[in-house]
Amino acid sequence: MNNTSYCALCEKKIDSSNNSREHIIPHSIGGRRKIRSFICIDCNSRSGDSWDAAIWQQFSQLAMMHGVDRERGVPPSIKIQTIDGESYLLLPDGTMTIPNSTYRTEPDEKGLKIQISARDKPTAHKMLKQLARKNPKVDVDSLLSGMTATDTHLESPVTFSTQFGGELAGRSMVKSAVALAAAAGVSPKSCDTANQYLKGATVRPPYAHFYLRDLVGNRPSTHAFNCVSVVGLPDRRKLLGYVEYFSMSRIVIILSEQYDGPALHTTYAFNPASAFELALRVDINLSDNELELIRSNQALTDETYAAALNEGFGLI
């Protein structure tokens, strides 16, 4: 039996010196499952630094709003802006704070009036200690004990981009579907349509946004999810994939239209806020008409797209 593996992207032979553990769904948005002997270390690094980095760039705001639970590391705070132009920092737990800490002093009848606006208590403590060095009469402990945290509601909505996919992020999503297929025992070479695209051939992207109907039969109503699903339909010669991130971005991928392997249906789904895996029922046994709409990138309407986004935003 031949157990030799080759990189799905560059086709180099994979051995102990260049094997890698590739996240099926990028680690940055909460993915935990990994696959070995799928791509080499070099391709893991290159695709991670470009394709998967584009996923984080597109979904970082949603990931932070949902408090994404990463396997390791904490995502950095990101700057966001309201429609009225006010700036804030979005923190890893989904809360927001002011982008810059400030203080103001002015004399009054009791001595010195100090007003501090800080992101958090440690920052306020540090600012007060610096102030005390300039003003020895400042009682840091007394001021800290009287400090309060203030919660305020935004006066205008936060600006947000809903442009998902594209040249780099699209390749990351297709790679995720090919990785899940490989984890289920399907050779990456069987994903011939997807492989041409991943390897840089000048072909039409093998995926499209799909919002004609909901393909998730038991969609959670209380939290968002990330998922990738693959179905093999040998009687129709089709190998299809589905990727949905944060209950908003929904794409169908045509992995192959020459598939002659075994029938299969596999899904990896999880709650990004807890990494808890979910048993979702994903129906991607699409009709020929639906597949044609995917090929022509017309598998949505303005109304169905807006309804899906509104539903997704309602989970934040």
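Helix α1 (residues 41-65) lies across the strands β5 and β6 and runs at about 90 degrees to β5. This report describes that region and several others in a predicted model.

**The sheet beside helix α1**

Strands β5, β6 and β7 form an open sheet in the order β5-β6-β7, and their pairing is antiparallel. The edge strands are β5 (78-81) and β7 (96-97), each of which pairs on one side only. In general, strands of a sheet pair through backbone hydrogen bonds, either parallel or antiparallel.

Four bridges join β5 to β6, and I80 stands opposite Y88 in β6. The two strands β5 and β6 form a hairpin with five residues between them. Within that turn, G85 has a positive phi of about 95 degrees. On the other side of the pairing scheme, strand β6 (residues 87-90) is joined to β7 by two bridges in the antiparallel sense. Here L89 has T97 of β7 as its bridge partner.

Which residues of β5 point to one face and are buried? They are I78 and I80, whereas K79 and Q81 point to the other face and are not buried. This arrangement may be read beside a general rule: in a regular strand the side chains alternate between the two faces of the sheet.

**Strands β11 and β14**

A second antiparallel pair consists of strand β11 (residues 226-233) and β14, joined by seven bridges. One of the positions in this pair is C227, whose bridge partner in β14 is A269. Strand β14 (residues 264-270) is mostly covered, with five of its seven residues buried.

**The nonpolar cores**

The largest nonpolar core contains 55 residues, and F59, Y245 and L255 touch the most other members. Leaving aside residues up to four places away in sequence, Y245 touches I25, P26, I29, I55, F59, M173, S176, F225, N226 and C227. Another core lies apart from the largest one; its 21 residues include L215, V252, I284 and L291.

**Two residues with positive phi**

Most residues other than glycine have a negative phi. Two loop residues that are not glycine have positive values, as the table shows.

| Residue | Loop | Phi | Relative accessibility |
|---|---|---|---|
| R237 | between β11 and β12 (238-245) | near 60 degrees | 35% |
| S247 | between β12 and β13 (249-256) | near 55 degrees | 2% |

Is S247 buried or exposed? Since buried means under 20% relative accessible area, S247 counts as buried because its relative accessibility is 2%. For R237, the value is 35%, so this residue counts as partly exposed.

**The chain as a whole**

The protein chain has seven helices and 14 strands. How many of its 316 residues are buried, as a percentage? Buried residues make up 45%. The accessible surface of the chain comes to about 16,600 Å², and 47% of that surface belongs to carbon and sulfur atoms. Among contacts between residues at least 6 apart in sequence, 64% join residues at least 24 apart.

Terms used:
Residues numbered from 1 in each chain as written. Predicted model: local features only at pLDDT ≥ 70, side-chain atom pairs only at ≥ 80, totals over all residues. Heavy atoms only, no water. Buried < 20%, exposed > 50% of the residue type's maximum accessible area, 1.4 Å probe, protein only. Pairing = 2+ DSSP bridges. Core = buried A, V, L, I, M, F, W, Y, C linked by side-chain atoms within 4.5 Å. Contact = heavy atoms within 4.5 Å. Areas by Shrake-Rupley, 256 points an atom, 1.4 Å probe, with all protein chains shown as cover. Axes fitted to C-alpha atoms, helices over the stretch in contact; angles between N-to-C directions.
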